[in-house]
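The following exercises concern a helix pair and a pocket. Each task is followed by a worked solution.

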Amino acid sequence: MSSPVWHPFTQHGLGEPIPLVTGAEGAALYTEDGRRIVDAISSWWVTTHGHGNKRIMAAIAEQAGKLDQIIFAGWTHEPAETLARGLVEIMPPALAHVFFSDSGSTSVEVALKMALGFWANRGEARHRIIVMEGSYHGDTIGAMSVGQRGVFNRPYAPLLFDVATLPFPAAGREQETLDALEALCHAPDAPAAFIVEPLILGAGGMLIYPPRLLAEMRAICARHGVLFIADEVMTGWGRTGTLLACEQAEIVPDILCLSKGLTGGAIPLAVTLATREIFAAHYSDDRTKQFFHSSSYTANPIACAAANANLAIWREEPVLDRVAALGRRQAERLARLQSPRIRNRRQIGTITALEIADEESSYMSALGPRLLAFFRERDLLLRPLGNTVYVMPPYCIDDADLDAIYGSIGEALDTL
Ligand code: PLP
């Protein structure tokens with residue numbers, strides 16, 4: 001009997017195999033038919049320390065014996081309190097308040113609503129959101145609205161709200177981006193906020209821009225009182241070489257979105273951190289000024305326990321050394337790839353990417369599905385974005401698995 005499951009970002013009509021995974025450990029997935037698959041993209045960028053991390057799994061098991069979901073509106077529990085305190089300690093001091101949700105997309109929705117609530121409660125009519133060309137912030141309506149318009153969201157376009165879009169600061173076009181931001185901030189209908197993926201646009205094609213630009217964009221927003229939202233759902237937790245990508249630009253956002261690696265990738269959880277000013281704008285004896293957002297599973301205790309274990313790993317283990325070593329080990333292998341078809345070879349922290357020259361250079365490039373099948377046949381979980389191949393492995397991956405990944409990319413360059 002065929003499965004009733006409807007998978008995300010999957011065209012069931014193509015009849016592609018959907019492997020049944022029965023176990024996962026470190027950088028490997030194990031399938032029902034006995035295969036060992038190298039998870040070269042950290043299962044959609046969530047797995048940081050590795051699958052089945054013992055400390056995180058033990059924390060989940062222990063918490064599951066104590067307390068399941070409880071309402072979080074007006075009630076609290078120890079795992080959430082510990083996590084909020086732990087996050088405030090490890091994150092930049094200006095980010096003093098922690099709001100829980102369940103996914104990257106919801107952390108973005110929360111960020112946007114916090115920004116609009118901030119202005120509304122202060123009695124200023126600011127609604128417009130500035131975004132960057134090529135961005136991806138999730139698949140809910142608000143998150144899609146602030147993301148790149150295109151094939152991902154065309155059928156829903158009539159529902160998406162209008163935003164102001166900056167050009168991506170490609171090399172040589174940086175000033176254009178900064179000038180556009182300056183002009184938008186000056187406009188008579190002052191914007192409410194600017195939301196951006198710091199240093200690298202993920203689903204938009206693993207496009208990297210330098211910290212200096214991030215710092216300049218942050219400074220422009222600060223000068224004009226435009227709230228700066230950093231979406232570190234992908235970049236957070238060491239992915240770009242530092243705990244947060246924002247650190248490399250020495251900036252602190254007004255609002256910060258985190259998810260994916262927050263629990264080490266074991267279980268869903270997200271947070272949106274905000275400054276004292278943003279919290280204060282909602283703090284009142286007027287009930288209409290409270291922050292009108294919740295979800296049933298806000299601050300799930302089991303997920304919070306997993307995130308607490310992740311924080312303990314960050315405090316007690318040399319995670320950034322592992323990240324730096326993985327960066328070097330990947331850099332060597334990326335540099336060894338030789339082919340006239342390689343375009344725009346690039347790396348930031350644990351993420352490497354390149355484009356394979358093709359007739360079509362886009363997410364819908366026909367090369368994409370061929371690459372997917374090619375890597376699948378070699379027991380590799382790589383999901384190219386069109387003709388862009390990227391690698392973003394768990395930090396525990398060993399040299400043999402990295403060799404298998406880069407060896408197969410080399411083979412794909414030669415044969416496809
Ligand atoms: N923001 C960024 C930068 C992302 O990369 C993603 C997912 O890849 C999201 C938001 C959405 O996160 P989720 O898929 O958990 O809703």
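**Exercise 1: a helix pair**

Task: State which residues of α11 and α12 meet, and describe how the helices cross.

Solution. Leu371, Phe374 and Phe375 of α11 are in contact (heavy atoms within 4.5 Å) with Ser408, Ile409, Glu411, Ala412 and Thr415 of α12. These contact residues comprise 5 nonpolar, 2 polar and 1 charged. The model is predicted, with pLDDT of at least 70 required for local features and 80 or more for side-chain atom pairs, while totals for chains, interfaces and linings use all residues. Residues are numbered from 1 along each chain as its sequence is written, and side-chain values use heavy atoms, leaving out hydrogens and water.

Next, the geometry: α11 (residues 367-377) packs against α12 (residues 399-415) at about 135°, the axes being 11 Å apart. The pair is therefore oblique, a class for angles outside those under 35 degrees (roughly parallel), over 145 (roughly antiparallel) and 65 to 115 (roughly perpendicular). Finally, the crossing of α11 and α12 is right-handed.

**Exercise 2: a pocket**

Task: Determine which residues are closest to the centre of the second largest pocket, and which element supplies the largest share of its lining.

Solution. The second largest pocket has a volume of about 830 Å³. A pocket is an open set of points on a 1 Å grid where a 1.4 Å probe fits, with protein on both sides within 12 Å along at least five of seven lines; lining residues have an atom within 4 Å of a point. Of its 31 lining residues, Val98, Phe99, Phe279, Phe291 and His293 lie closest to the centre. The largest share of the lining, 4 residues, is from β4. By class, the lining has 15 nonpolar, 12 polar and 4 charged residues.

How values were computed: Axes fitted to C-alpha atoms, helices over the stretch in contact; angles between N-to-C directions. Helix = DSSP H or I, 4+ residues; strand = E, 2+ residues; numbered from the N terminus. Left-handed = near helix turned anticlockwise from the far one by under 90°. Nonpolar A, V, L, I, M, F, W, Y, C, P; charged D, E, K, R; others polar. Points joined across faces, edges and corners; volume = space filled by probe spheres on them.
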